[in-house]
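Subject: Structure handover

Hello,

Here is the structure I promised to pass on. Please open it alongside this note. My findings follow below it.

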Amino acid sequence: VQLQASGGGLVQAGGSLRLSCAASGSTFSITRMGWYRQAPGKQRDLVATITTGGATNYVDSVKGRFTISRDNAKNTVYLQMNSLKSEDTAVYYCNAEARYRDIDRTYAYWGQGTQVTVSS
């Protein structure tokens with residue numbers, strides 16, 4: 001599975017951005033996709049995930065502001081980020097979890113990061 005992320009940039013506080021992540025390769029094996037972020041000097045943390053069935057999960061700090069969605073036909077996941085705050089500044093990474101027939105483990109794949117900078 002290969003992941004190609006796009007959509008980062010510089011935005012003022014209160015503004016919006018939409019990130020996209022297109023998956024290719026063995027996309028049939030993907031069970032869940034999501035976004036993580038890593039601020040300078042900090043660990044990479046979960047932002048939001050979505051399963052193939054559409055179940056979503058968000059970190060508390062983005063609930064009500066961010067929306068994750070996916071287009072299964074395009075193998076693409078989106079992160080709509082509204083009401084951005086300076087503390088949202090980070091490198092955002094796309095993630096996909098995949099399982100393969102007869103292999104009892106979950107594989108994690110990462111896209112290249114995309115920088116999101118929110119100026120106050």
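S20 sits in strand 3, which covers residues 17-24. Please keep in mind that this is a predicted model. S20 is buried, because its relative accessible area is 16% and the cut-off for buried is under 20%. Leaving aside residues up to four places away in sequence, S20 touches Q4, A5, S6, W35, V77 and Y78. W35 is 15 residues from S20 along the chain. The C-alpha atoms of S20 and W35 are 9.8 Å apart.

Next, the sheet around strand 3. Four strands form an open sheet in the order 1-3-8-7. The pairing is antiparallel. Strand 1 (2-6) and strand 7 (66-71) are the edge strands. Each has a single partner strand, so one side of each has no neighbour in the sheet. Ignoring direction, neighbouring strands of this sheet are turned by 15° against each other on average. Strands 3 and 8 pair in the antiparallel sense, with six bridges. Within these two strands, C21 stands opposite V77 of strand 8. V77 is also one of the residues that S20 touches.

That brings me to the disulfide. How many does the structure hold? There is one disulfide. C21 and C94 form it, with their sulfur atoms 2.0 Å apart. C21 belongs to strand 3 and C94 to strand 9, so the pair ties together parts 73 residues apart in sequence. The angle about the S-S bond is -85°, and the link of C21 and C94 is left-handed. Are the two cysteines buried or exposed? C21 counts as buried, because its relative accessibility is 0%. C94 is buried too, because its relative accessibility is also 0%.

Now the salt bridges. The structure holds five. I describe some of them here.

R32 and E97 meet through their side chains, at 3.0 Å from N to O. This salt bridge links distant parts of the chain, 65 residues apart. R32 is in strand 4 (residues 30-38) and E97 in strand 9 (residues 90-98). R32 is partly exposed, because its relative accessible area is 31%. E97 is buried, because its relative accessible area is 19% and the limit is under 20%.

D88 and R37 make another salt bridge, at 2.9 Å from N to O. D88 lies in the loop between strand 8 (76-81) and strand 9, while R37 is in strand 4. This pair also links distant parts of the chain, 51 residues apart. Both D88 and R37 are buried. Which residues share a network of salt bridges with R37? R65 and D88 do.

D104 forms a salt bridge with R99. Their closest N and O atoms are 3.3 Å apart. D104 is exposed, because its relative accessibility is 71% and the threshold is over 50%. R99 is partly exposed, because its relative accessible area is 37%.

To recap, three places to start looking. In strand 3, there is buried S20 with its contacts. Then comes the C21 and C94 disulfide, which joins strand 3 to strand 9. Last is the salt-bridge network of R37, R65 and D88.

Best wishes

How values were computed. Residues numbered from 1 in each chain as written. Predicted model: local features only at pLDDT ≥ 70, side-chain atom pairs only at ≥ 80, totals over all residues. Heavy atoms only, no water. Buried < 20%, exposed > 50% of the residue type's maximum accessible area, 1.4 Å probe, protein only. Contact = heavy atoms within 4.5 Å. Salt bridge = Lys/Arg side-chain N within 4 Å of Asp/Glu carboxyl O. Disulfide = S-S within 2.5 Å. Pairing = 2+ DSSP bridges. Axes fitted to C-alpha atoms, helices over the stretch in contact; angles between N-to-C directions.
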